[in-house]
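Open the model in your viewer and keep the selection panel handy. We will go from the whole chain to a few pairs of residues, and then to a pocket.

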Amino acid sequence: MSSAADRRHQRGQALVVILVMLPALMVAGATVLRSTTGAARLVQAQQRSTQAQEMARAALRHCDAVAMASVGATTPDARVTAATAAEAERQWGRLAAWRPGAPGLVKAGGTASTPDAGQGLCLIHRLTDPVAGTRLLVTARGLSADAAVAPDTGRLAEGAEAWQQSQLWRPDSPCGSPNAASSAPATSPAPPCTPAPWSRRWRTLLQPPEA
């Protein structure tokens, strides 16, 4: 009898221990689940941010090339807007200028064969302020693959975005200048003329455009 009673007593003690430990185990499991979910969300946010940065860089490279090629072209490029520095800042500094289908907005950031298929956007300005040389301003917006932009305001509705900007400058060149041509003797062949190289300044826009 005592042996059977001892076994019942031991089982009762084990049940009490289990009942005491069960809430602690449930709390520990919930904590681990929350931690795992938070870590997954953090990784996803980092991936979105990286995608947006890459798209912004790709769009900036593409539109830099478009801007430089437009200088001296026989046919004006409709993607390049002539404006003063203040006018350009007023345009790219408004989110409405970045809504889908906005005037002057260039889609870029895709592959070399399909540059317009990416999640990158840019605005290209040729600055008309009375200063020496040629100045170009390119502003780019990169979007993550899952990003969505409000069609009426241009505001980011979902996903991640990144903003970058480059300033391109080239000094005036004597190539093709009538004065340069007339200064050389008529009997001398025209020397080869190489346009001055472009200089480029790049920055990340820490404060995105406002509504």
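Contact here means heavy atoms within 4.5 Å. With that in mind, look at the whole protein, which is a predicted model. Among its contacts with a separation of 6 or more, 66% are between residues 24 or more positions apart.

**Stop 1: the whole chain**

Colour by secondary structure. You should find 3 helices and 8 strands, and a walk along the sequence gives the pattern α-β-α-β-β-β-β-β-β-α-β. Now switch on the surface: about 13,500 Å² is accessible, and carbon and sulfur atoms hold 60% of that. Of the 211 residues in the protein, 27% are buried.

**Stop 2: the salt bridges**

How many salt bridges does a search of the whole structure find? The search returns 5, and we will visit some of them.

Select Arg48 and Asp146 to begin with. Their closest N and O atoms are 2.6 Å apart, and the two residues form a salt bridge. Arg48 sits in helix H1 (residues 2–70), while Asp146 belongs to the loop between E4 and strand E5 (148–149), so this pair ties together parts that are 98 residues apart in sequence. Check the surroundings of each partner: Arg48 is partly exposed at 25% relative accessible area, and Asp146 is partly exposed too, at 29%.

Next, select Glu161 and Arg141, another salt bridge, with 2.8 Å between the closest N and O atoms. Here strand E7 supplies Glu161 and strand E4 supplies Arg141, so the link joins parts that lie 20 residues apart in sequence. Is Arg141 buried or exposed? Its relative accessibility is 0%, so Arg141 counts as buried. Glu161, at 28%, counts as partly exposed.

Then select Asp77 and Arg79. This salt bridge has its closest N and O atoms 2.9 Å apart. Arg79 is partly exposed at 36% relative accessibility, and Asp77 is partly exposed at 21%. Keep Arg79 selected for the next stop.

**Stop 3: around Gly104**

Which residues does Gly104 touch, leaving aside those up to four places away in sequence? They are Arg79, Cys122 and Leu123, so Arg79 links this stop to the previous one. Gly104 itself is in the loop between H2 and strand E2 (106–108), and it is partly exposed, with a relative accessible area of 28%. Add His125 to the selection and draw a C-alpha to C-alpha distance from Gly104: the value is 9.3 Å, for residues 21 apart in sequence.

**Stop 4: the largest pocket**

Rolling a probe the size of a water molecule over the atoms shows where empty space is left. In this model, the largest pocket has a volume of about 260 Å³. Select Ala85, Leu127, Arg135, Leu137 and Gln167, which lie nearest its centre among the 15 lining residues. Which elements give two or more residues to the lining? They are helix H2 (85–92) and the strands E4 (134–143), E7 (161–170) and E8 (199–204). Strands E4 and E7 should be familiar, as they hold the Arg141 and Glu161 pair from the second stop.

To finish, colour the lining by residue class. It comes to 7 nonpolar, 3 polar and 5 charged residues.

Notes
Residues numbered from 1 in each chain as written. Predicted model: local features only at pLDDT ≥ 70, side-chain atom pairs only at ≥ 80, totals over all residues. Heavy atoms only, no water. 1 Å grid on protein atoms, 1.4 Å probe; cavity = no way out; pocket = protein on both sides within 12 Å on 5 of 7 lines; lining within 4 Å. Points joined across faces, edges and corners; volume = space filled by probe spheres on them. Helix = DSSP H or I, 4+ residues; strand = E, 2+ residues; numbered from the N terminus. Nonpolar A, V, L, I, M, F, W, Y, C, P; charged D, E, K, R; others polar. Buried < 20%, exposed > 50% of the residue type's maximum accessible area, 1.4 Å probe, protein only. Areas by Shrake-Rupley, 256 points an atom, 1.4 Å probe, with all protein chains shown as cover. Salt bridge = Lys/Arg side-chain N within 4 Å of Asp/Glu carboxyl O.
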